[in-house]
Each structure stands twice: as C-alpha cells, then as structure tokens.
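Dear colleague,

Please find the structure you asked for below. My notes on it follow.

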Amino acid sequence: MRRLIIGGLLALVACAAPGGVSQQDIDESMASGKADEVVGKLETARDGDPRSAEKRIELAYAYYLLAREALEDGREADYADYLEKAQNELLVAAEIDPELAEVHLWMGIMLAYQGDIHAAIDSFENAQRLAPRYWVHTTNLAETWIYAGNVARGRTLLDRARKLGAPPAVIEMNEVLAAWKSGDYVEARDIFEGVYALDPRVVRRWNEAPVDEPIESFTDFTAFCCSHLACGPYMADACRQMDLRVAQRELDQATLQREMELSVERRRRLKEIYDERRDLEIKVDE
C-alpha cells in the first residue's frame, strides 16, 4: 500500500474525532502504512461496544480514507466497497443517536467528495440544526456554498461563524476561496498573504494538505485545490483561468451505479430514522 495522502474536504478535519481516537491519530497511522492495523483496532472497538455511535463514526472515517485511497489508485471496486462500509457505519450511528450532529457532518463530507454538492449542503445544514452553536458546522456549510457557486450565501455564513467564535484564520481561508471563486485573483492573493502572516500553521495544512508538501504561497494553495477531487471540480473555472489542471471524477459505469444505489439506500434509511423524530426537522434530500 502506498503512502495515503490525506486531503480532507473541510475545516472539520482539523478537529478531533468524537470518542477516544482522534482524527490525527487515524491519519498518522494510515499515512504511515498501518491502515490494516488501525482499521482492525477500530473494528474490534466497534464490535466490543456496538451501541457506541462514536466508535462507529471513527470507523466510518477510516473507511472513508481507504475509499479515497482506492479511488486515487484506480481500484474502483474497493472504493465502492469502502464507501458502502463508511456509509453503513454512519447510518447505524444515526439509528443509535438521531441527535448526533457528527453523523450528518461526515455524511456531507463524503457526499461532497462524490460530487453531490447539494446533498452535501443538506447534510451540513442538518448538522447545523442539531448543533447550531458549533462553529465548525457553519464554516463547513459556508465553504460548501462557495463551492456550489453561491458566494454571497457563503459569506453570510462566515459572518455567523465569526460570531460563534471560529478562528480568524479559518474564516479568512474561506474568504480566499470566495474571492477566487468570484474571479478576483488580486483580492484572493491579498487575503491569502494576510492570513499566512496571521497563522501560517492553518494555511500550511489547509484541508489537510500533506505534511511534506505544505501550502506556503497562493500558488501552492491553488495548485493543491485544483488537483484534488474534494476541491478542484468545484473550482474548475477558477482553476482553468490560472492554467491549472483540474481533477476530474472519471468512473466506470458500474461504479457510478454503485454510488447511485448507495444514495438510494442512504435516503431510505435516513427517512426511516427521522420520520420517527420529526421534532429534529432533519431534511432528507430528494
């Protein structure tokens, strides 16, 4: 297994995973070639406490990373298998605790990676409904609206995230995206240089940029975004304006069919769960 390149989508990735295992621990173990070992431990922990929603979310995160690696390697069958496992763990976690916001946050990240940006927005909005005071949900939702092309909506959410106590550097990196998406490259570069001076640690690992290839300049930032499926396809016009290659999802028909089947199953199971908890006002995308 080659070195796993962790390239998470949103600001969430900087936060600790729920339960006893941090995202950083999982990232580092898998990136160092210990994927089988860490997944085995997480599966054992889940089996030992099957009613723990937190342990299922931790395992879902690991499966999601393996799905991304498989897709980057061209192993589409493995990609679909790991994606199905990740989704199932999240859905079981929702059955255990329908009020757990992290389920919808991770589901949104997975959907955005699959290219279903509007379903991802629905998931992030669900997370925000369940934990409205947690700034991470608001910044993730803001970034996703920017990717979807509604920069004004994204900036409104960034204003809300500021009031919720989001770190200034996280806010400003999203402002870089918003300016770049709008075609204002001068403003985007100026904001980038300001946030790099403010907190270079956040910039260097933005959305989990690899440790050995940190983001040190606006050129690094745009190249990193454009070359990753979690960012590039949503910034395609901006990338092409800078003559940057855009990552594309090119999947076999069988893999697309598997993704469609998983989407149908996700909606069915979520509807079953939240039809019994209409008080939570959880939206299930059509």
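This is a predicted model. I start with a pocket, then turn to the fold and to two residues in loops or ends.

**The pocket**

Helix α3, residues 53-72, is the main contributor to the lining of the second largest pocket. It supplies three residues there. The whole lining of that pocket comes to 13 residues. Nearest the pocket centre are L71, E72, L229, A247 and Q248. The lining is mixed in class: five residues are nonpolar, five are charged and three are polar. The volume of this second largest pocket is about 240 Å³.

**The fold**

What does the protein chain contain in the way of helices and strands? It has 14 helices and zero strands. Read from the N terminus, the order of elements is therefore simply α-α-α-α-α-α-α-α-α-α-α-α-α-α. The radius of gyration of the chain is 18 Å, and the globule rule gives 19 Å for 286 residues. The two values are close, so the chain is as compact as a globular protein of that length.

Along the principal axes, the C-alpha atoms fill a box of roughly 50 × 45 × 35 Å. Of the 286 residues in the chain, 54% are buried. The chain exposes about 12800 Å², and 48% of that area comes from carbon and sulfur atoms.

Contacts in the chain reach across the sequence. Take those between residues at least 6 apart: 62% of them join residues at least 24 apart.

**Two residues with positive phi**

D243 is one to look at in your viewer. Its phi is near 60°, a positive value in a residue other than glycine. D243 sits in the loop that links α13 (236-241) to α14 (253-275). Is D243 buried or exposed? Its relative accessibility is 74%, over the 50% cut-off, so D243 counts as exposed.

E281 is the other. Phi of E281 is near 55°, again positive in a residue other than glycine. E281 lies in the segment that follows α14. With a relative accessibility of 58%, E281 also counts as exposed.

Please start with the pocket lining when you open the file, then go on to D243 and E281.

Best wishes

Methods
Residues are numbered from 1 along each chain as its sequence is written. This is a predicted model: local features need pLDDT of at least 70, side-chain atom pairs count only at pLDDT 80 or more; totals for chains, interfaces and linings use all residues. Side-chain values use heavy atoms; hydrogens and water are left out. On a 1 Å grid over the protein atoms alone, a cavity is a set of points where a 1.4 Å probe fits but cannot get out, and a pocket is an open set with protein on both sides within 12 Å along at least five of seven lines; lining residues have an atom within 4 Å of a point. Grid points are joined across faces, edges and corners, and a volume is the space filled by probe spheres set on the points. Helices (H or I, at least four residues) and strands (E, at least two) are DSSP runs, numbered from the N terminus. Ala, Val, Leu, Ile, Met, Phe, Trp, Tyr, Cys and Pro count as nonpolar, Asp, Glu, Lys and Arg as charged, and the others, Gly among them, as polar. The radius of gyration is taken over C-alpha atoms; the globule rule is 2.2 Å times the number of residues to the power 0.38. Buried means under 20% relative accessible area, exposed over 50%, partly exposed in between (1.4 Å probe, protein chains only). Contact means heavy atoms within 4.5 Å. Accessible areas come from the Shrake-Rupley method with a 1.4 Å probe; for residues, only the protein chains shown count as cover.
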